[in-house]
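Subject: Handing over a structure

Hello,

I am passing a structure on to you, and I hope you enjoy looking through it. Please open it first, and then read my notes below.

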Amino acid sequence: TTSPSPPTSVMKFIEKCQNTNQYVLIDTPGQIEVFTWSASGTIITEALASSFPTIVVYVMDTSRSTNPVTFMSNMLYACSILYKTKLPFIVVMNKTDIIDHSFAVEWMQDFETFQDALNQETTYASNLTRSMSLVLDEFYSSLRVVGFSAVQGTGLDELFVQVSSAAEEYEREYRPEYERLKKSLASAQSERRREQLERLRTDVGSVALDPGTATEGFVSAPGPSDLILTRGALAEEEDDEEADSDTDDIDHQATEESQEEPAFRNFMRELGRRRQSRSSQ
């Protein structure tokens with residue numbers, strides 16, 4: 001087996017084939033939780049729908065939907081996929097060579113007929129199905145339904161008619177929305193880049209390329225001599241305020257002399273002489 005191509009590879013493949021092929025059929029996992037409700041499914045669907053007329057086709061097993069509860073489960077699946085993908089939607093009732101799909105169409109169009117079929121069921125699921133059938137009435141009214149037989153090929157012409165109708169719906173209602181989202185995303189990205197550049201200019205400022213050249217708005221950092229004078233002034237002020245304090249250990253002076261600047265070393269020596277003179281008095 002081979003790993004599935006990433007969306008970008010699929011998009012490039014479709015672009016190459018669009019001049020010679022009218023339709024591109026992408027088969028997805030049958031379990032809706034595997035594709036419809038997964039992150040990868042959403043990415044693939046939105047990537048396709050943002051560039052090409054994209055239609056969702058939900059294939060149901062007609063022969064296994066003769067039970068009204070099972071039929072309602074299929075309709076709930078279809079409804080959830082429709083509102084998750086937000087794309088033109090077609091329900092294909094497959095295996096019409098085994099049983100005609102007219103009963104399912106009648107259940108969708110006639111509420112009382114579906115209720116009569118449910119009267120034979122006495123389970124809790126049948127009560128829930130009876131309530132849900134009222135909720136899905138509006139969903140049925142705008143749903144495209146095609147009877148189809150994969151074995152005999154019947155219903156293929158009708159399927160292509162519905163696909164063309166769904167493609168027109170995409171161009172009319174969905175493409176403008178995707179174009180608006182594209183522009184909005186591009187504008188947001190451009191604004192974000194502009195804000196990042198503005199913050200960068202504010203943080204960096206007008207720094208000169210030549211270290212020896214001073215530029216307007218640039219403040220040089222204090223040099224070693226400035227730090228020494230500041231440190232010496234603070235030390236002398238502390239000495240005047242706490243003349244009697246003996247907490248400073250002068251013995252560490254010898255170990256640090258080799259690391260001090262000459263001016264600061266001289267200052268410390270002078271400070272030591274002052275303290276010795278005061279102690280002798």
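**Helix 4 and what surrounds it**

Helix 4 passes helix 7 in a left-handed crossing. Before I go on with that pair, please keep in mind that this is a predicted model. Here is the overall picture as well: the chain contains 12 helices and 3 strands. It has 281 residues, and 27% of them count as buried. If you take the contacts in the chain with a separation of 6 or more, 73% of them are between residues 24 or more positions apart.

Back to helix 4, which covers residues 68-85. How do helix 4 and helix 7 cross? Helix 7 is made of residues 124-135, and the two axes come within 10 Å and cross at roughly 50°. That angle makes helix 4 oblique to helix 7. On the helix 4 side, the residues that meet helix 7 are Pro 68, Val 69, Met 72 and Leu 76. Their partners in helix 7 are Ala 125, Ser 126, Thr 129, Met 132 and Ser 133. Sorted by class, this contact of helix 4 with helix 7 has 6 nonpolar and 3 polar residues, and no charged ones.

Helix 4 also has helix 5 as a partner. Helix 5 runs over residues 102-109, and its axis and that of helix 4 come within 12 Å, crossing at roughly 75°. An angle of 65 to 115 degrees counts as roughly perpendicular, and helix 4 and helix 5 are therefore roughly perpendicular to each other. Pro 68, Phe 71 and Met 75 of helix 4 make this contact with Ala 104, Trp 107 and Met 108 of helix 5. The residues in the contact of helix 4 with helix 5 are 6 nonpolar, with no polar and no charged ones. You may notice that Pro 68 is listed in the contact with helix 7 and also in the contact with helix 5.

One residue of helix 4 that I would point you to is Asn 74. Is Asn 74 buried or exposed? Its relative accessibility is 13%, so Asn 74 counts as buried. Setting aside residues up to four places away in sequence, Asn 74 touches Tyr 58, Met 60 and Ser 65.

**Either side of helix 4**

Asn 67 sits in the loop between strand 1 (56-61) and helix 4. With a relative accessible area of 29%, Asn 67 is partly exposed. Which residues does Asn 67 contact, once its neighbours within four places in sequence are left aside? They are Trp 107 and Glu 121. Asn 67 and Glu 121 are 54 residues apart in sequence, while their C-alpha atoms are 9.4 Å apart in space.

At the other end, Lys 86 belongs to the loop between helix 4 and strand 2 (89-94). Lys 86 is not a glycine, yet it has a positive phi of about 55°. Lys 86 is exposed, its relative accessible area being 56%. Lys 95 is another residue to look at, and you will find it in the loop between strand 2 and helix 5. Lys 95 also has a positive phi, of about 70°, although it is not a glycine. Its relative accessibility of 31% means that Lys 95 counts as partly exposed.

**Helix 5 with helix 6**

Helix 6 takes in residues 111-118, and it packs with helix 5 at an angle of about 110°, the axes being 5 Å apart. Helix 5 and helix 6 are therefore roughly perpendicular to each other, and their crossing is left-handed. From helix 5, Glu 106, Trp 107 and Gln 109 meet Phe 111, Thr 113, Phe 114 and Ala 117 of helix 6. By class, the contact of helix 5 with helix 6 has 4 nonpolar, 2 polar and 1 charged residues. Trp 107 is worth finding on your screen: it appears in this contact, in the contact of helix 5 with helix 4 and among the residues that Asn 67 touches.

**Cysteines**

How many disulfides are there? The count comes to 0 when a disulfide is taken as a pair of cysteine sulfur atoms within 2.5 Å. Two cysteines you can look up are Cys 17, which counts as buried at 17% relative accessibility, and Cys 79, which is buried with a relative accessible area of 14%.

Happy exploring, and best wishes

Conventions:
Residues are numbered from 1 along each chain as its sequence is written. This is a predicted model: local features need pLDDT of at least 70, side-chain atom pairs count only at pLDDT 80 or more; totals for chains, interfaces and linings use all residues. Side-chain values use heavy atoms; hydrogens and water are left out. Helices (H or I, at least four residues) and strands (E, at least two) are DSSP runs, numbered from the N terminus. Buried means under 20% relative accessible area, exposed over 50%, partly exposed in between (1.4 Å probe, protein chains only). Contact means heavy atoms within 4.5 Å. Axes are lines fitted to C-alpha atoms, for helices over the stretch in contact, and angles run from 0 to 180 degrees between N-to-C directions. Angles under 35 degrees count as roughly parallel, over 145 as roughly antiparallel, 65 to 115 as roughly perpendicular and the rest as oblique. A crossing is left-handed if the near helix is turned anticlockwise from the far one by less than a right angle, and right-handed if clockwise. Ala, Val, Leu, Ile, Met, Phe, Trp, Tyr, Cys and Pro count as nonpolar, Asp, Glu, Lys and Arg as charged, and the others, Gly among them, as polar.
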